[in-house]
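Good morning, everyone. Please put the model up on the screen and have the sequence at hand.

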Amino acid sequence: MSFDSLGLAQPLLRAVHEAGYQSPTPIQAQAIPAVLSGGDLLAGAQTGTGKTAGFTLPLLHQLASRPAPAAGRRAIRALILTPTRELAAQVEESVRTYGKYLPLKSMVMFGGVGMNPQIDTLRRGIDILVATPGRLLDHHQQGTLDLSQVEFFVLDEADRMLDMGFIHDIRRVLAILPAKKQSLLFSATFSDEIKALAERLLNAPKVIEVARRNATADTVAQKVHPVDRERKKELLAHLIQVHDWHQVLVFTRMKHGANRLVEFLDKQGITAMAIHGNKSQSARTRALADFKSGDLQVLVATDIAARGIDIDQLPHVVNFELPNVPEDYVHRIGRTGRAGAEGEAISLVCVDEEGFLASIEKLIKRPIPREVVAGYEPDPNARPEPIQLGRRVLHGGLGGGARGGSGSGRNGGQGGNQGQRQGGQGAAGGGHARMGAGGASPSRNPAPRRARGA
Ligand code: AMP
């Protein structure tokens, strides 16, 4: 199938060809005609499937083909809401890339940066706004944002938004949007909460789903290297040096773990930087830009900070520590092998994490091949130790609490794993939940939903 047969305007096809895309991905092949037909859409697609172009292209087409409501002055006709700053920036970059031959203006809006430049841009007039919820509501409250002309509303990564405790913000945003609009909801998973949100937001939507829930892409080669917990750093440096890896995305569970790892790698002569909620927006943007350009060999990230990172054909993802929520494993390795490219996902697993590994394998319904690296053989007599998550302690070993909540899905059980995870983040990564909200008041951003279960 070619892009030409989808009914998109020439300026869009030109931009798509320049981006080097040969043919639409499955989500694009389904979402583009669905959006062009004018109806609402509920799409199950995770990052890496090409979903951004799936909604951006038809949205640009529709905006370009309809005259603006009031001649002379631009009004915001499309609103795209994303959970994180990084994702907002990347989506808006896509809007610019695909819309470069159209006379439409876009803007990205998130917290953590000054409001005045945003107000200036709003005054000059834009057609498309990509925003995180908190800052958007700040502008609305101050009267610097007019959303009364919105014709298209996209909720991107809706499941992530709910995970981050943004449900109240979403409701507030919905309340200020015009009732008559075309709405699109994208989510990697369909929990009951997502279904409830979809019911409220969408009108007789077309439902499309491209990747099975919690499926891992076949183009990603997964491997586990069993290793002692104290030797993980060394093994990582060894792998990077022996294989001469460039552009490695490394995941840690906690922010301070990320910092310590960066220091260690630096000492080994491997350029590395960490991105997490404690870093300033400019530091995070710079780290991401250096990593994308190839100046930085290793980017160390925590799960929440890494959401929405879009790097083309990322060759290596390393789980320095396994996530305690199995679904995060799927999201992590979704960073590699994107849109058909091949990738490698390696997990360094110590005896403490056997329970996490079992939960992950149960979720993805396949065993991950183990491969001991010569010289890094784990001690067969090592005993599992509890895993620290902020102020909480999780037992990752077999028979530990980590398995309590697994298999029941992200939104399944309230007990065990689910609640504990948020509890851990509350202590160590509480800033993340407010990351996209940019200075939002506590009343607007209550503790993440699952904290109650902790
Ligand atoms: P997304 O799922 O929107 O985050 O997109 C994942 C990656 O796929 C991005 O890096 C896009 O540039 C790339 N991509 C999107 N559409 C296509 C396509 N039709 N062919 C090849 N790559 C694509």
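Let me start with a question: which residue in S13 does Gln-222 stand opposite? The partner is Ala-345. Keep that pair in view. We will build outwards from there.

One caution before we do. This is a predicted model.

Now the overall picture. The protein has 454 residues, and 50% of them count as buried. There are 17 helices and 15 strands. Look also at contacts with a separation of 6 or more. Of these, 77% are between residues 24 or more positions apart.

Back to our pair. Gln-222 lies in strand S8, which covers 220-226. Strand S13 covers residues 343-349. The two strands run parallel, and seven bridges join them. We have seen one facing pair. Here is another: Pro-226 stands opposite Val-349 in S13.

A general point for the newcomers. Strands of a sheet pair through backbone hydrogen bonds, either parallel or antiparallel.

So what does the whole sheet look like? Six strands form it, in the order S8-S13-S12-S9-S11-S10. The sheet is open, and the pairing is parallel. The edge strands are S8 and S10, the latter at 272-275. Each of these two pairs on one side only. From one strand to the next, the twist averages 20 degrees.

Stay with S13 for a moment. On its other side comes S12. S12 and S13 are also parallel, and four bridges hold that pairing. Find Val-318: its bridge partner in S13 is Ile-346. Is S13 mostly covered or mostly open? Mostly covered: six of its seven residues are buried.

Next, the helices on this sheet. Helix H11, residues 255-267, lies across three strands. They are S9 at 248-251, S10, and S11 at 298-301. H11 runs at about 170 degrees to S10. Helix H14, residues 326-333, packs on the sheet too. H14 touches S8, S9, S12 and S13. Its direction makes about 155 degrees with that of S12, which is strand 316-319.

Now move to another sheet. How many strands does the open sheet with S3 and S7 in its order have? Seven, in the order S3-S4-S2-S5-S6-S1-S7. The pairing here is parallel as well. S3, at 106-109, and S7 are the edge strands, and each pairs on one side only. The twist here averages 10 degrees from one strand to the next.

Pick out one pairing in this sheet. Strand S2, residues 78-81, runs parallel to strand S4, residues 128-131. Four bridges link them. Ile-80 stands opposite Val-130 in S4.

This sheet has a helix across it as well. Helix H2, residues 26-36, lies across S1 at 41-44, S6 at 182-187, and S7. H2 runs at about 175 degrees to S1.

Now a pair of helices. H6 is residues 133-142, and H8 is residues 167-176. Their axes are 10 Å apart, and they pack at an angle of about 45 degrees. That angle is why H6 counts as oblique to H8. The crossing is left-handed.

Which residues meet there? From H6 come Pro-133, Gly-134, Leu-136, Leu-137 and His-140. From H8 come Asp-169, Ile-170, Arg-172, Val-173 and Ile-176. Sort them by class, and the contact has six nonpolar, two polar and two charged residues.

Last stop: two residues with a positive phi. Ala-204 is not a glycine, yet its phi is about 40 degrees. Where is Ala-204? Look in the loop between helix H9, 192-201, and strand S7, 206-209. Is Ala-204 buried or exposed? Ala-204 has 6 C-beta neighbours inside 10 Å, so it counts as exposed.

The second is Asp-244. Its phi is near 55 degrees, again positive, and again the residue is not a glycine. Asp-244 is in the loop between helix H10, 232-243, and S9. Within 10 Å there are 7 other C-beta atoms, so Asp-244 is exposed.

To recap the pair we began with: Gln-222 stands opposite Ala-345 in S13. Around that pair sits an open, parallel sheet of six strands. Thank you. I am happy to take questions.

Terms used. Residues numbered from 1 in each chain as written. Predicted model: local features only at pLDDT ≥ 70, side-chain atom pairs only at ≥ 80, totals over all residues. Buried ≥ 20, exposed ≤ 12 C-beta atoms within 10 Å, placed from the backbone. Contact = placed C-beta atoms within 7 Å. Pairing = 2+ DSSP bridges. Axes fitted to C-alpha atoms, helices over the stretch in contact; angles between N-to-C directions. Parallel < 35°, antiparallel > 145°, perpendicular 65-115°, else oblique. Left-handed = near helix turned anticlockwise from the far one by under 90°. Nonpolar A, V, L, I, M, F, W, Y, C, P; charged D, E, K, R; others polar.
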